[in-house]
Structure formats: structure tokens, C-alpha cells
Amino acid sequence: AVVRDAGERARVAVVGQLDEEQPFDLVVVTTLAHQVDAVLPALQRSAAKAIHFMFVTPEHERLAAAVGAGRVTFGMASVLSVVNGDGTIKLDVQKARSPQGDQRLADLFTAAGLPSKVQPEMGRWLRSQTPLTIAMESVVGTAVRDDRGATWAEARAGARGLRAGFAILRGLGETPFPGGKNQMSRMPVPVLAFIMRGISRSRFRETVGNSDAECRGLIDLLAAEGGKQPAPR
């Protein structure tokens, strides 16, 4: 069912549910953040030795507590893929090394062809990635639906949303992480709008701009986080 554009067919076995009694060495969870609750009960019951959540989420603490912090790690994948018109997959593994929260998994993914590095504070990394993901997907998604680049008004709206997302994290006592995102969180709206507009015209638009469900789901999750503040803005 999964065929790369070069003709290589991936070996895939599709099942309806996780075999909870199998002591898998590793289960990699790649649902979207707002969909993960549907599989949490099975993961909680699973005899798997390690569970690796691999998606943008502001809720790493809740997920770790739900499944068991002793066997949970988090990470991301620097992979861009699109489905071609003939149903094959065009895969683009980025040169930038993907951050993973565990050295063993970083080595495993690197050996499998996904260059990775260790990010000890992966939970913080993912929380700070959430506002950026929302902004990029909202701006680029709008442009892709109309088959064009983002307008300046759309880019400015995304820039204001990005600053608001980072403000939620600051209201929770967190500094955007790592340093690059902290610097971005303090950039003026015109500069951020310029960046957002540029992304909407880049080669990333076909992948970043087709994630409307993730964008809306992350907005809801981040808004819920904002509701935990004593005086939400």
C-alpha cells in the first residue's frame, strides 16, 4: 500500500488494533496530537517495553503520566512527503537531524536512514514548536487552498497568532525553547509576517499547507493550556 515514487514498495502489515500482549521493543505513535486519546487506553495496557510519541504536542507531561514515564520518550521526524497523483509517495528526508529524546532511539533512527540527534528537553521543544506549527500551517494552508502564496494580511494574522501562542507559554511560566524560538517569540509582527509569507512561497508549502486538521487540533490544545493561567489573555 505504501509505494515510493522510485517504485520501491514498503513491507507493511495493517492490523485493526495494537496487540497489547506482545512485549514489543518499541511502539512509535505518529497520530496527530488531538487524536492520540483514542489510542491511549491500548498503550496503557500494552506490554510494550518502550513507547515513542512522534508528533507536535503541548501535552508531553500528560501523555507521559498516562502511559508511564519510565517507558515513554518523545521525538520528531524531519521528513516531508506528499502523495503523487498516481498514489505513490514522494519522500524527502531533510538534512537537518531530527531531535529525539533518547540516545538509543537517535542511533536507531539514524541507522535506519533518518538522521537524528538527542534533545534532552524534548518535551519543552515540542511545546514551543506548537505555536510555530499552528502559525505555519494556518498561513500556508490558506495560501495552498487558493493555489497561491499568502497575502500580507494573512501573513500578519499568522504572525500575531504566533506571538499570542508564545505569550500563552510565557503566561505558564515557560520560556520558549530552544534559544532560536525564544528570539522568534520577541520578533516584531512585520518581521514574522515576512517569514510566514516566505514559507508560503517555499518548497515546503505542499507539505506544510495540507495539515488543516492538525492546525485546528493544536489550536484547541494550546487554547486549553492558556485556560490554565490565573488570568488568561
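I take partly exposed to mean a relative accessible area between the buried limit of under 20% and the exposed limit of over 50%. The model I examined is predicted.

**Entry 1: glutamate 121.** I looked up glutamate 121 and found a relative accessible area of 35%, so this residue is partly exposed. Glutamate 121 lies in the loop that runs between strand 7 (116-118) and helix 4 (122-145). I then checked proline 99, which is 22 residues away from glutamate 121 in sequence and 9.8 Å away in space, C-alpha to C-alpha.

**Entry 2: aromatic rings.** My search of the whole structure returned two aromatic pairs. Phenylalanine 53 and phenylalanine 55 meet edge-to-face, with 5.9 Å centre to centre and 80° between the planes. Phenylalanine 53 and phenylalanine 74 are stacked, because their ring centres are 5.5 Å apart and their planes stand at 25°. The stacked pair ties together parts 21 residues apart in sequence, since phenylalanine 53 belongs to strand 2 (residues 51-53) and phenylalanine 74 to strand 3 (residues 72-74). I noted that phenylalanine 53 is buried at a relative accessible area of 0%, and phenylalanine 74 is buried at 9%. Ring pairs thus link Phe53, Phe55 and Phe74 into a cluster.

**Entry 3: strands 4 and 5.** I traced the antiparallel pairing of strand 4 with strand 5 (residues 89-93) over five bridges. Valine 82 stands opposite lysine 90 of strand 5. The two strands form a hairpin with five residues between them, and glycine 87 in the turn has a positive phi of about 90°. Valine 79 is in strand 4 (residues 79-83), and Val79, Leu91 and Val93 make a nonpolar surface patch of about 180 Å².

**Entry 4: tryptophan 125.** I found the charged end of lysine 181 over the ring of tryptophan 125, 4.2 Å from the ring centre.

Methods: Residues numbered from 1 in each chain as written. Predicted model: local features only at pLDDT ≥ 70, side-chain atom pairs only at ≥ 80, totals over all residues. Heavy atoms only, no water. Patch = residues over 30% accessible without salt bridge, like charges linked within 9 Å, V, L, I, M, F, W, Y side chains within 5 Å. Areas by Shrake-Rupley, 256 points an atom, 1.4 Å probe, with all protein chains shown as cover. Salt bridge = Lys/Arg side-chain N within 4 Å of Asp/Glu carboxyl O. Helix = DSSP H or I, 4+ residues; strand = E, 2+ residues; numbered from the N terminus. Pairing = 2+ DSSP bridges. Buried < 20%, exposed > 50% of the residue type's maximum accessible area, 1.4 Å probe, protein only. Phe/Tyr/Trp six-rings, centres within 6.5 Å; stacked < 30°, edge-to-face > 60°. Lys NZ or Arg CZ within 6 Å of the ring centre and 35° of its normal.
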